[in-house]
Amino acid sequence: MLILGIETSCDETSAAVVKDGREVLSSIILSQDVLHRQFGGVVPEIACRAHLESIVSVINSALSDAKVQLAEIDAIAVVNTPGLIGALLIGVTAAKTLCMALDVPLLAINHLHAHIYANNLEHEDIRYPTISLVVSGGHTTLFLSESETKHVPLGWTIDDAAGEAFDKVSKILGLGYPGGPVIDKLARCGNRRAVIFPRAYLEKDSLDFSFSGLKTAVLYYYRGQDARTSGSKTPSEQEVADIAASFQEAVIDVLIDKTVMASKMYNVRGIALGGGVAANSRLRQRLEETSKEIGISAYCPSPRLCTDNAAMVAGLAYKQYLKGDISLLDVEAIP
Ligand code: KG4
Ligand code: ZN
């Protein structure tokens, strides 16, 4: 079965053709980073307009890369939630239009569940239940995954998402957007024990997250106690690398500790990561070390499948199709 997946929930316009939920025949990802960089974050209006301008050519490229004709597509999958409403609407409208024109079924996909499914594109042997952690620009959510399609949320961020914290700290340190990849790279030359930033664990046994205090702590440390001024002394390149490494370690400590705690609480057989922050090299290293320490299988998609892409969407859609979870053409985009 050939499924065309469409993803426009944030700032990547993406389309992919996936066969039988596993074989990625094509995956086109058009990033809008250059459009948002000057603003230090995603501007919804700009994102929406850029999706509109490129969606048709991105879909055409996905079809030609896969060497399939539109008439050969058996179903259309699209992320309808969560995301920026204007951005989601472009993908959802394109998908509905194709379904009507081709008379094929529509599969509405949850973006977070698709991030978790990215692991299934590369691993056949995942045994359930697992604890899944989605760490992205908009979300930090722990799920109890009972199968490829059934995910029960256990905890989430009460303020900033992990990726958002990376992006905002990058802005504070003057490193640009998106912050995650830049901090990841710079942190490799920094001392992660140079500054002891706060780790917010919240109440005992809480599976929720909070990163806004950490972000403020970085701001005060970098600019001095009076954060309204830019401080008298400009930190050296090495000091900035040390702050980046120390910040990154504080985020990762909490992500790993809470994921391990959840895996023990629910006595699961594995841990799966997903979302843009899962591309972080230090997080991947810590996950691998931790999984060996506690003797549990851990999965993390290849970096290209961590950030937003339509292959994970078309893959999950196949499993939803097999379950008969097919959407009506009046399905809504939900922000
Ligand atoms: O999943 P994603 O592409 O979009 C959302 O669903 O939000 O995640 C984007 C986020 C951004 O905040 C970006 O800074 C972060 O993922 N990110 C990273 C890395 N690569 C992307 N964060 C840390 N380390 C990375 N290597
Ligand atoms: Zn995402």
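Student: Which helix gives the most to the shell around ligand 1?

Tutor: In this predicted model, α6 does, with 4 residues. Helices α4 (111-122), α5 (162-172) and α6 (179-187) each supply at least two residues of that shell.

Student: What makes a residue part of the surroundings of ligand 1?

Tutor: One of its heavy atoms must lie within 4 Å of the ligand. In this model 20 residues surround ligand 1, and the closest are G137, D167, G180, D184 and G276.

Student: Why is the pair formed by D167 and ligand 1 called a polar contact?

Tutor: A polar contact is a pair of N or O atoms within 3.5 Å. A polar side-chain atom of D167 lies 2.7 Å from an oxygen atom of ligand 1, so the pair qualifies.

Student: What other polar atoms of the protein lie within that cut-off of ligand 1?

Tutor: Among them are a polar side-chain atom of N280, 3.0 Å from a nitrogen atom of ligand 1, and a polar backbone atom of G163, 3.1 Å from an oxygen atom of the ligand. As for cover, ligand 1 taken alone exposes 550 Å², and the protein buries 90% of that.

Student: How do you know which classes of residue make up the shell around ligand 1?

Tutor: Sorting the shell by class gives 5 nonpolar, 12 polar and 3 charged residues. Glycine counts as polar, so G137, G180 and G276, which are among the closest residues, fall in the polar class.

Student: Which domains supply the shell, and what kind of space does ligand 1 take?

Tutor: At least three residues come from each of domain 1 (2-116 + 306-322) and domain 2 (128-300). The space taken by ligand 1 is the largest pocket.

Student: What makes the backbone at P82 and P129 worth noting?

Tutor: Most peptide bonds are trans. The bond from T81 to P82 is cis, with omega near -20°, and P82 lies in the loop between β4 (75-81) and α3 (85-102). A cis bond also joins Y128 and P129, with omega about 5°; P129 is in the loop between α4 and β6 (130-135).

Student: Why is K67 singled out?

Tutor: Most residues other than glycine have a negative phi. K67 is not a glycine, yet its phi is positive, about 55°. K67 lies in the loop between α2 (44-66) and β4.

Key
Residues are numbered from 1 along each chain as its sequence is written. Chains are lettered from A and ligands numbered from 1 in the order in which they are written. This is a predicted model: local features need pLDDT of at least 70, side-chain atom pairs count only at pLDDT 80 or more; totals for chains, interfaces and linings use all residues. Side-chain values use heavy atoms; hydrogens and water are left out. A polar contact is a pair of N or O atoms within 3.5 Å; within protein, one must be able to donate a hydrogen and the other to accept it, and residues adjacent in sequence count only if both atoms are side-chain atoms. Accessible areas come from the Shrake-Rupley method with a 1.4 Å probe; for residues, only the protein chains shown count as cover. On a 1 Å grid over the protein atoms alone, a cavity is a set of points where a 1.4 Å probe fits but cannot get out, and a pocket is an open set with protein on both sides within 12 Å along at least five of seven lines; lining residues have an atom within 4 Å of a point. A molecule sits in a cavity or pocket if more than half of its atoms lie within 2 Å of its grid points. Domain bounds come from an automatic or database domain assignment.
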